[in-house]
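Please read the following report alongside the sequence and the coordinates. It moves from the whole chain to single residues.

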Amino acid sequence: MSVSSAGITTGTHAGDRSALDRFRAYFWCDNVRRTQTALGLIWLLDGGLQFQGFMYSHGFPQLIAGMAAGQPGSR
């Protein structure tokens with residue numbers, strides 16, 4: 001058995017599994033883990049799509065202030 005510089009063991013034994021096999025065994029082992037993994041990936045995608053540059057510029061506070069005029073309790 002040999003060890004690569006990344007720390008992943010590879011070898012010729014029948015019991016050795018590749019990194020992809022270990023990944024699948026952990027993240028796709030049952031329906032609960034599959035659902036958790038899928039929801040986590042959707043959550044990461046949603047967070048990445050919400051991280052947009054215009055929200056951190058001067059225009060975004062003006063946009064929010066413009067919408068506040070019609071809200072209850074605003075004067």
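About 6600 Å² of the protein chain is exposed, with carbon and sulfur atoms supplying 64% of it, where accessible areas come from the Shrake-Rupley method with a 1.4 Å probe and, for residues, only the protein chains shown count as cover. This is a predicted model, in which local features need pLDDT of at least 70 and side-chain atom pairs count only at pLDDT 80 or more, while totals for chains, interfaces and linings use all residues. Residues are numbered from 1 along each chain as its sequence is written, and side-chain values use heavy atoms, leaving out hydrogens and water.

Of the 75 residues in the protein chain, 1% are buried. The chain holds three helices and two strands (DSSP runs numbered from the N terminus, H or I with at least four residues for helices, E with at least two for strands), and along the sequence the pattern is β-β-α-α-α.

Two residues illustrate the helical part.

| Residue | Helix | Relative accessibility |
|---|---|---|
| Leu20 | H1 (residues 19–27) | 48% |
| Thr37 | H2 (residues 31–50) | 15% |

Thr37 counts as buried because its relative accessibility is 15%, whereas Leu20, at 48%, counts as partly exposed; buried means under 20% relative accessible area, exposed over 50%, and partly exposed in between (1.4 Å probe, protein chains only). The side chain of Thr37 also reaches the backbone oxygen of Arg33 at 2.8 Å.

Leu20 joins Phe23 and Trp28 in a nonpolar surface patch, and together the three have about 310 Å² of accessible area.Such patches are made of residues with over 30% relative accessible area and no salt bridge, nonpolar side chains (Val, Leu, Ile, Met, Phe, Trp, Tyr) being joined within 5 Å and like charges within 9 Å; a salt bridge is a side-chain nitrogen of Lys or Arg within 4 Å of a carboxyl oxygen of Asp or Glu.

Note on methods: Polar contact = N/O pair within 3.5 Å; in protein donor to acceptor, adjacent residues only side chain to side chain.
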